[in-house]
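Trainee: I would like a close look at a single part of this protein, the second largest pocket. Please describe its lining and then place it in the rest of the fold.

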Amino acid sequence: MFRRTMIGASAGLGLAAPALAQNRPPAQPQRPQPARPAGPPSSPAQSPIGPVDTIARSVLLLDFETGATLLNKQADERMPPASMSKLMTMYAVFDQVKAGRLRMDQSLTVSEAAWRMGGSKMFLERGSTATVEELSRGVIIQSGNDACVVLAEHISGSERAFAEMITSLGRQIGLTSSTFRNATGWPDPEHRMTARDLATLARRIIVDHPEFYRFYSERSFRWNNITQENRNPLLGRVAGADGLKTGHTEEAGYGLTASVRRGERRLILVVGGLPTMRARAEESERLMEWGFREFDNVVLFRAADTIEEVPVHLGDRRTVPLIGGREVVATVPRGWRDSLQARIRYEAPVPAPVVKGQELGRLEISGRGVPPMTLPLYAGADVERLGVLARIPAVIGQMMGGRI
């Protein structure tokens with residue numbers, strides 16, 4: 001057996017893939033970049049094209065489609081997420097609705113504990129009722145701690161039990177470093193998340209519950225004759241902004257988990273530890289615009305493109321096509337596309353039988369300034385194993401060729 005590696009810049013790869021390096025539709029025109037807000041001294045976030053100064057304590061900027069990391073500053077450090085942890089509360093609520101255990105038109109009663117909850121509020125009255133949809137909008141738009149407690153108590157009986165449940169649920173959906181002690185993000189020394197977990201959670205909300213994601217783009221919500229504005233500073237300020245959630249406590253500073261979609265591209269940004277609301281708004285906008293301006297997505301291969309023909313041992317055909325199985329897209333810095341390299345790794349010959357869709361290798365994308373990616377490659381066709389009589393000449397041929 002041997003391992004084959006193919007290395008080539010994008011021009012060379014075009015021989016193997018007709019769809020290589022096709023541009024996505026251009027992004028919308030960029031807004032003028034705001035000046036970096038006054039505040040604590042900047043320190044750099046790391047990016048594939050070099051450090052980028054930011055006053056945020058933590059930063060993670062990801063391409064939604066490819067998962068490429070465009071900016072990283074302490075993205076894996078556990079931090080108090082404040083109200084950004086309400087994203088997890090709402091993910092659990094949406095899961096309950098999807099499973100049929102909760103209905104959006106179902107009315108829930110406001111308990112004494114929910115009514116007494118401090119901090120940001122929906123202003124629910126003790127003993128009153130509100131539907132799950134109304135409570136959801138109260139959490140998402142108004143950041144209502146009282147609404148969180150009503151939902152948590154209904155789902156799990158108590159807020160403490162709910163916190164244990166969402167900690168477990170978080171592990172199931174890929175939040176590897178998150179521990180929840182309440183439903184609201186209320187300060188607790190053990191209530192912690194990372195910027196990476198927040199980005200993962202944002203993605204899971206968008207992918208798993210698209211029918212409810214629309215709530216995150218609503219600009220205001222009125223309840224109990226009180227209208228409150230969505231605290232997300234990018235809504236209406238940055239083209240394509242459509243969610244997700246702010247957070248603030250004295251310990252956490254000002255944070256934001258945000259998503260912006262332009263054309264076929266979506267970026268997710270998490271920032272934490274900013275000194276003021278203004279700094280949160282301006283720094284979030286600056287870093288999001290930087291991501292759209294400096295990087296682009298390039299189609300390397302279409303779903304059915306044959307990337308390579310792999311030799312097959314004792315099969316009814318000599319080779320099997322190696323395909324990506326889906327459109328393969330890479331995030332690359334604008335103007336740096338010539339540095340793109342792709343490596344195809346597989347072991348050959350592949351023993352028959354081969355089943356279409358069987359994973360046979362991987363495609364590794366790298367290059368100067370290119371966020372690295374590794375993608376599985378699959379068999380593009382079935383290959384049956386030769387019968388006994390048909391195998392004899394093939395085995396003799398290999399013996400004479402010194403291959404076995």
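**The second largest pocket and its setting**

Mentor: In this predicted model, 66% of the contacts in the protein with a separation of 6 or more are between residues 24 or more positions apart. The secondary structure comes to 10 helices and 21 strands, and of the 404 residues in the protein, 53% are buried.

Now the pocket itself. The second largest pocket holds about 280 Å³ of space. Its lining is made up of 19 residues, and those nearest its centre are Ser83, Ser120, Ser143, Gly247 and His248. Two elements, strand E11 (241-249) and helix H9, each give two or more residues to this lining. E11 provides the largest share, with 5 residues. By type, the lining of the second largest pocket divides into 11 polar residues, 5 nonpolar and 3 charged.

H9, one of the two elements just named, runs over residues 277-294. It has 18 residues and spans 26 Å from its first C-alpha to its last, close to the 26 Å expected at 1.5 Å a residue. The helix is mostly covered, as 14 of its 18 residues are buried. In an α-helix there are 3.6 residues a turn, so residues three or four places apart point the same way.

Enclosed space is a separate matter. The structure holds 3 cavities of 30 Å³ or more, and the largest cavity has a volume of about 50 Å³. The lining of this largest cavity includes Pro80, Pro81 and Ala82, together with Gly185, Trp186, Pro187 and Asp188. His191, Arg192, Thr249 and Glu251 also line the largest cavity. Its lining residues divide into 5 nonpolar, 3 polar and 3 charged.

The nonpolar interior completes the setting. The largest nonpolar core has 59 residues, and Met88, Leu124, Leu135, Leu201 and Tyr216 are those with the most contacts inside it. Helix H2 (residues 86-98) gives the most to this core, with 8 residues. Leaving aside residues up to four places away in sequence, Met88 touches Ile166, Leu169, Gly170, Ile173, Leu175, Phe180 and Leu201. A second, separate core has 28 residues, among them Val298, Ala330, Leu340 and Ala352.

To return to your request: the second largest pocket takes the largest share of its lining from E11, and 11 residues of that lining are polar.

Note on methods:
Residues are numbered from 1 along each chain as its sequence is written. This is a predicted model: local features need pLDDT of at least 70, side-chain atom pairs count only at pLDDT 80 or more; totals for chains, interfaces and linings use all residues. Side-chain values use heavy atoms; hydrogens and water are left out. Helices (H or I, at least four residues) and strands (E, at least two) are DSSP runs, numbered from the N terminus. The expected span of a helix is 1.5 Å times one less than its number of residues. Buried means under 20% relative accessible area, exposed over 50%, partly exposed in between (1.4 Å probe, protein chains only). A nonpolar core is a set of buried Ala, Val, Leu, Ile, Met, Phe, Trp, Tyr and Cys residues joined through side-chain atoms within 4.5 Å. Contact means heavy atoms within 4.5 Å. On a 1 Å grid over the protein atoms alone, a cavity is a set of points where a 1.4 Å probe fits but cannot get out, and a pocket is an open set with protein on both sides within 12 Å along at least five of seven lines; lining residues have an atom within 4 Å of a point. Grid points are joined across faces, edges and corners, and a volume is the space filled by probe spheres set on the points. Ala, Val, Leu, Ile, Met, Phe, Trp, Tyr, Cys and Pro count as nonpolar, Asp, Glu, Lys and Arg as charged, and the others, Gly among them, as polar.
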